[in-house]
Amino acid sequence: MKRILTVLLVILLSLTLVVGCAQKAPAPADEGKEKMKVGFVYIGPPGDGGWTYAHDQGRKYLEQELGVETIYKESVPEDQQSEKVMRDMIDQGAKVLFVTSFGYMDHVEKVAKEYPDITFMHCSGFKSAENFGNYFGRIEEPRYLSGIVAGMKSESGKIGYVAAFDIPEVVRGINAFTLGVQSVNPDAVVKVKWTNTWYDPAKEKEAAITLLDEGVDIIAQHQDTAGPQVAAEERGKFSVGYNSDMAAMAPKAYMTAPVWNWGPYYVQQVKAVMDGTWKAEAYWGGMKDGIVDLAPLTANAPEGAKEAVEKAKADILAGKLNVFAGPLKDQNGKEMVPAGSVLSDQDQLEMKWFVEGVEGKIGQ
Amino acid sequence: MQFRLVKKPEITQRQYTVIILTAIALALLTSGLFILLLGLNPIQVYLAMLNGAFGSTYRLEQTIIVAIPLVIISLGIAVAFKMKFWNIGAEGQVIMGAFFASYLALNYQDAPKPLLLLGMLAAGFLGGGLWGLIPAFFKARWGTNETIVTLMMNYIALKWITYLQYGPWKDPNSMGFPKIPNFTANAILPNFLGVHLGWVIALILVVIMYFFMNHSKKGFEIAVLGESLNTARYAGVNIFRTILFSMFISGGICGLAGMIQASAVGNTLSVEVAGGVGYTAIITAWLGALKAPWIVLVSVLFAALVQGSSYIQSAFGISAASASLIQAMILFFVLGSDFFTKYKVVFGSEFLTRGKEARE
């Protein structure tokens, strides 16, 4: 008993001693109060080679362009822990926060209410407030293009798609991809496998293997890591990545990927905050804004794909081609978008149905 | 080289202090090397950890928020451990407590706030307590291994919440994202002096458990049962009922922590509601020597370590894995030193001579 007391006293004393010193030598985080500080909340580690990697590239670009200081925290779960991470960053002096996954939405909303002077930017959600905007990109456009590549490459007419959650963001991507596939390979089907995780290299790879066992010869993905790419590589099949160029992870399989380019947008937003001109908005940029694009096609891509992609891209940029233009039917053959009209942005944001040719279920 | 472990006689306070200080020094040194490998200045990182845990009112509050569940769950675990019933199932008891409380929170959101909160506290206690009763019954009736049973029941509890979150309790307004709807304001524990009411509950529990374990008949019976089954039998303790009773209390207290985490911190139930704190609390209960007041001190220090290593991640851009590595290294040495207060290592020649002496 006495012993424990001594030990604890000793620990406490040494702690107070160090704290005493600490006050004399403040940690680097507390310096430079004048400098703009921007915080980034990540769902995975920046080394995931995918989603978080792309955001981290944007963060580095922001630092380089504006000379602002940035802090980030990786692998933050999409629950109450994210609120603490945001508050911690504000405590450390962050004035602008980029919170980069869908599941943080309600938590951003809550913290934004507590800190009206801080600017919150939530990626991929749909809520907003005076100091809380959301931003995303029409990744559907390059996804459609990647579907063209996959559709031309597939011999079996079966393409696998490893997908995270059955939320509109993911459903939209699967539909756009499938429509791209069908534009060159009308009878091809896209088989969907849900993982219920954004970031889990092993689980994502496993899902891809299941699909490959079912006979698909191309793997596409809406996941944050290159796990599915690796599965395709190991089986000698081909793949379409996501988020960033994944050629290094699967050199023999990888053909192309819809990719994000967040940097310029981050610079523009932080600049607006610094100038005092920032206003909450729901930003949804497309290929013409440069926030999304298709990564260069590798030698694995089929012959003629480059030309087909370039033509479709030019049509999208020129406004001649809309990914979600009618006629569109759902899985049961029911007409969802009549010929001559296009799916509205609002309907896209709430998309809860698969187009014809997708094999998979929503809402399980 | 030959060596052997020899049990030490009681050691003096001075020796004890030396061992602990050496452990802390070694811990700082080893993780310092690792920090150097990361290309950072270890002294700066350590100072930042302290700064991150105690450096401002806000940070102190955050440290306390981390400490609250540690204190409460450690108190719960201590009851079972005192009886030498190795309850590794705190994690599951926390989860089931949170589940019971959440049932009320989600279904009776319009009830008056004080009534609803009290109901949730009671439900939390009941949920954790019942979950604790199951392994207690198996142990008391058939002598099953409680370590295995309590541990396995954690996974059952976790999978049950996973099922609810992805299935019947999924928020219909979340556009398909698997989360349980948020509690209404009625079901959320209010703040008191900057931190949610959980800290008051924790302190009240500390006092209650101190008196229960040290000055009540039941507490005494639990301690006797822990010391020796036969003595307890001679003394006329009802073994079956004591095991069941103490595990109900142990699990119930853990369940209270579950209610507090779900209500005040999460504002809803999720698979992360316990997030491993049920396991961490085993360490703090043990380091606190299963004694109520010490558990508070150890838990706060532990929370400071957690909060500090979270702080250095964003302050220095250290990866989450590296920060936990530093945290684990410090813990490894402090926990490991406990061993050297009870045993000492005797090397080859010394061991032989000593053996000879003993024979002569």
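Helices in what follows are DSSP runs of type H or I with at least four residues, and strands are E runs of at least two, both numbered from the N terminus. The exercises concern a predicted model.

**Exercise 1. Determine what follows helix H3 of chain B, and describe the backbone and surroundings of that residue.**

Step 1. H3(B) is followed by B:Lys84, a residue whose phi is positive, near 60°. As a residue other than glycine, B:Lys84 has a positive phi value here.

Step 2. In terms of secondary structure, B:Lys84 belongs to the loop between H3 and helix H4 (90-107) of chain B.

Step 3. A residue is buried with 20 or more other C-beta atoms within 10 Å and exposed with 12 or fewer. B:Lys84 has 14 other C-beta atoms within 10 Å and is therefore partly exposed.

**Exercise 2. Compare the span of helix H3 of chain B with its expected value, and locate its bend.**

Step 1. Helix H3 of chain B covers residues 57-82, which are 26 residues, and its first and last C-alpha atoms are 36 Å apart, close to the 38 Å expected at 1.5 Å a residue.

Step 2. The helix bends by about 30° at B:Ala67, and a proline, B:Pro69, follows within four residues of that position.

Step 3. Of the 26 residues of H3(B), 21 are buried, so the helix is largely enclosed by the rest of the structure.

**Exercise 3. Carry out the span and burial analysis for helix H12 of chain B, and state which residue follows the helix.**

Step 1. Helix H12 of chain B runs over residues 292-316, and its 25 residues should span 36 Å at 1.5 Å a residue; the distance between its end C-alpha atoms is 36 Å, which agrees.

Step 2. Because 23 of its 25 residues are buried, H12(B) is largely enclosed by the rest of the structure.

Step 3. The residue that follows H12(B) is B:Gly317, whose phi is positive, near 65°.

**Exercise 4. Describe the overall build of chain A and of chain B from their secondary structure, extent and burial.**

Step 1. Chain A has eleven helices and 16 strands. For its 364 residues a compact globule would have a radius of gyration near 21 Å, and the 23 Å of chain A agrees with this.

Step 2. The C-alpha trace of chain A spans about 75 × 50 × 35 Å along its principal axes, and 52% of the 364 residues are buried. Among the contacts in chain A with a separation of 6 or more, 65% come from residues 24 or more positions apart.

Step 3. Chain B, in turn, has 14 helices and four strands. Its radius of gyration is 23 Å, close to the 21 Å that the globule rule gives for 360 residues, so chain B is as compact as a globular protein of that length.

Step 4. Along its principal axes, the C-alpha trace of chain B spans about 80 × 60 × 35 Å, and buried residues make up 47% of its 360 residues. Of the contacts in chain B between residues at least 6 apart in sequence, 78% join residues at least 24 apart.

**Exercise 5. Set out how the domains of chain A are divided and how they touch.**

Step 1. The domain assignment gives domain 1 of chain A as 35-137 + 262-289 and domain 2 as 140-257 + 295-359.

Step 2. The C-alpha centres of domain 1 and domain 2 of chain A lie 27 Å apart, and the contact takes 16 residues from domain 1 and 18 residues from domain 2.

Step 3. On the side of domain 1 of chain A that touches domain 2, the residues comprise seven nonpolar, seven polar and two charged.

**Exercise 6. Is A:Asn243 buried or exposed, and where does this residue lie?**

Step 1. A:Asn243 is located in the loop between strand S9 (238-240) and strand S10 (254-256) of chain A, and its phi is near 80°, a positive value in a residue other than glycine.

Step 2. There are 25 other C-beta atoms within 10 Å of A:Asn243, so this residue is buried.

**Exercise 7. Place A:Lys306 in chain A and name its contacts beyond four places in sequence.**

Step 1. A:Lys306 is part of helix H10 (residues 305-317) of chain A, and is partly exposed, with 14 other C-beta atoms within 10 Å.

Step 2. Leaving aside neighbours within four places in sequence, A:Lys306 is in contact with A:Leu297 and A:Ala301.

Step 3. A:Lys306 and A:Ile148 are 158 residues apart in sequence, while their C-alpha atoms are 9.6 Å apart in space.

Note on methods: Residues are numbered from 1 along each chain as its sequence is written. Chains are lettered from A and ligands numbered from 1 in the order in which they are written. This is a predicted model: local features need pLDDT of at least 70, side-chain atom pairs count only at pLDDT 80 or more; totals for chains, interfaces and linings use all residues. Domain bounds come from an automatic or database domain assignment. Two residues are in contact if their C-beta atoms, placed from the backbone, lie within 7 Å. Ala, Val, Leu, Ile, Met, Phe, Trp, Tyr, Cys and Pro count as nonpolar, Asp, Glu, Lys and Arg as charged, and the others, Gly among them, as polar. The expected span of a helix is 1.5 Å times one less than its number of residues. The bend at a residue is the angle between axes fitted to the seven residues ending there and the seven starting there. The radius of gyration is taken over C-alpha atoms; the globule rule is 2.2 Å times the number of residues to the power 0.38.
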